[in-house]
Amino acid sequence: DASDLRDLPAFDPRRVDYGALIEWKRPLLDKAAAAFLARAKPGRRAAFEAFRRTEGSWLGDYALFMALKADFDARARKAGVTGARWNNYWPAALALREPGALAKEARSRADEVARLEVLQFLFAEEWAALRAEAGRLGIRIVGDLPIFVAEDSCDVWTRRELFRLDKSGRPLEVAGVPPDYFSEDGQLWGNPLYDWRAHEAEGFAWWRSRLGAALARYDVVRVDHFRGFAACWSVPSGEKTARRGAWKDAPGQALLAALAADHGQPGAGAGGLPVVAEDLGFITPEVGKLRDDYGLPGMRVLQFAFDAAESGTAFDPANGFLPHNYVQNCVVYTGTHDNDTLAGWIAGASEAERSYLDAYLGSPKEAGPWALVREAWKSVAAWAIAPMQDILGLGSEARMNTPSTLGGNWSWRMAPGSFSPEVQARLKALSRLYGR
């Protein structure tokens with residue numbers, strides 16, 4: 001009720017403080033879920049039970065996993081244990097999902113499990129309302145689907161047979177990318193790799209369900225690290241860097257055929273999949289063929305066209321990130337969540353980079369970020385996307401994420417009033433001019 005919201009903390013309108021926000025919000029969510037279970041009217045209760053039935057393939061397992069995880073994570077912190085996960089800290093009977101042990105925990109934690117299920121139900125309702133309103137306004141929502149999942153997740157706990165794990169559930173090999181221009185040690189992500197033969201044996205049912213769940217929330221899905229559908233960089237478990245890895249083939253053609261059969265849509269490309277392929281990084285001809293065989297748009301990052309350190313080029317006119325080299329079936333981004341903002345990048349650009357940028361743009365009167373937004377908007381790319389920070393012309397203080405760093409990331413918020421009538425008019429004029 002209203003009294004619960006009386007002591008709202010003075011949150012920063014420009015930055016998200018996740019720790020403080022979760023500490024304030026979690027008790028309120030728990031109270032709301034408990035109140036729903038105690039006092040929901042018959043119609044609301046019926047809607048919740050229908051949601052439970054519809055989402056039964058994952059909901060109960062997820063709620064029990066999260067209840068167990070919260071308990072054992074708290075125990076680990078109290079004992080001074082770091083790195084506690086289901087496969088190295090939980091009792092073996094729970095980690096390996098012995099039916100008797102699971103049933104006992106489900107009974108003893110029934111109230112907590114139900115509250116977690118209610119929160120999923122309420123979120124699903126609110127998201128559906130948001131998406132419906134977006135659709136009414138002609139707005140499509142692009143979601144993100146990381147190719148891998150976390151080791152300490154319900155996905156791995158419930159379907160161990162679909163991942164490359166030992167008998168105790170610990171990864172035999174993990175994902176990453178090899179040493180390259182950006183990192184002499186490569187990147188060690190640590191996600192367990194898929195047992196692709198097991199996925200093929202069940203007709204890719206897990207993947208078909210996963211994409212289906214994403215498309216129930218979004219209109220289009222960007223698949224992160226698309227090249228992993230052709231081959232994954234496999235690093236033996238226990239390695240400290242990604243140096244000692246090897247490429248291992250993945251059944252991308254068979255997987256995409258199964259996904260297209262389930263989720264193909266008219267007008268969404270040759271394979272009919274409403275998917276954008278994140279095809280950045282080390283892309284082989286096999287990866288390009290896999291993308292093109294299913295008509296999936298790839299990504300072009302405009303900032304990479306002029307950033308010598310990022311693109312690895314000496315301002316080569318054949319650089320695929322330069323707008324004159326785009327194909328229509330692609331999505332151009334002025335920058336991604338991992339880039340600095342355009343204003344921040346321009347401020348830190350070398351003299352040679354700025355000289356090349358000016359020459360390419362023809363030294364326009366419209367200097368700074370908007371000149372590059374214009375390049376994206378007027379390109380032949382099917383879609384053009386700019387982070388809001390670039391539309392607002394903000395500097396590095398508004399950067400969304402700095403890869404390989406901890407703390408302070410993903411905290412930028414657009415302050416009320418930032419998207420002023422003047423900025424709106426400018427964006428509207430540019431979009432009309434280029435048919436966006």
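## A walk through the fold

Let's start with helix α6, which covers residues 110–136. The helix has 27 residues and reaches 39 Å from its first C-alpha to its last, close to the 39 Å expected at 1.5 Å a residue. Keep in mind as you look around that this is a predicted model.

Which residues of α6 are buried? The list is Val113, Ala114, Leu116, Glu117, Val118, Leu119, Gln120, Phe121, Ala124 and Ala134. Their cover includes α1, α2 (42–54) and α3. Step just past the end of α6 and you meet Gly138, whose phi is positive, at about 80°.

Now for the nonpolar cores. In soluble globular proteins, nonpolar side chains tend to be buried together. Here, the largest nonpolar core has 52 residues. Trp90, Trp157, Trp207, Phe229 and Leu256 are the ones with the most contacts inside it. Which helix gives the most to this core? That's α3 (residues 59–79), with 6 residues. Apart from this core lies another, made of 34 residues, including Leu322, Cys330, Ile391 and Leu430.

Zoom in on Trp157 for a moment. Leaving out neighbours within four places in sequence, Trp157 is in contact with Asp61, Leu64, Phe65, Leu68, Trp86, Trp90, Leu94, Ala95, Arg97 and Leu102. One of those contacts, Arg97, lies over the face of the Trp157 ring, at 4.4 Å from the ring centre. You can find a similar arrangement elsewhere: Arg227 lies over the face of Trp247, at 4.1 Å from the ring centre.

Rings also pair with each other, and the structure holds 28 aromatic pairs. Take Phe11 and Trp24: their ring centres are 5.9 Å apart and their planes sit at 70°, so this pair is edge-to-face. A plane angle over 60 degrees is what earns that label. The pair links distant parts of the chain, with Phe11 in the segment before α1 (18–39) and Trp24 in helix α1, 13 residues apart. Are these two buried or partly exposed? Phe11 is partly exposed, at 25% relative accessibility, and Trp24 is also partly exposed, at 22%, because buried means under 20%.

Phe163 and Trp206 make another pair to look at. Their ring centres are 6.0 Å apart and their planes are at 85°, so they too are edge-to-face. This pair also links distant parts of the chain: Phe163 is in the loop between α7 (154–158) and β2 (173–177), while Trp206 is in helix α9 (residues 205–217), 43 residues away. Both Phe163 and Trp206 are buried. They belong to a cluster linked by ring pairs, along with Phe148, Trp189, Tyr194, Trp196, Trp207, Phe226 and Phe229.

Two members of that cluster, Phe148 and Trp189, turn up again around His225, which touches Ile147, Phe148, Val177, Trp189 and Glu278, not counting residues up to four places away in sequence. You'll find His225 in the loop between β4 (220–224) and β5 (231–236). With a relative accessible area of 9%, His225 counts as buried.

Last stop: strand β8 (residues 298–301), which is covered on both faces. Gly298 and Arg300 are on one side, Met299 and Val301 are on the other, and all of them are buried. What joins β8 to strand β9 (residues 330–333)? There are 4 bridges, and the two strands run parallel. Follow Val301 across and you reach Tyr333 of β9, which stands opposite.

Conventions: Residues numbered from 1 in each chain as written. Heavy atoms only, no water. Buried < 20%, exposed > 50% of the residue type's maximum accessible area, 1.4 Å probe, protein only. Contact = heavy atoms within 4.5 Å. Phe/Tyr/Trp six-rings, centres within 6.5 Å; stacked < 30°, edge-to-face > 60°. Lys NZ or Arg CZ within 6 Å of the ring centre and 35° of its normal. Pairing = 2+ DSSP bridges. Core = buried A, V, L, I, M, F, W, Y, C linked by side-chain atoms within 4.5 Å. Expected span 1.5 Å × (residues − 1).
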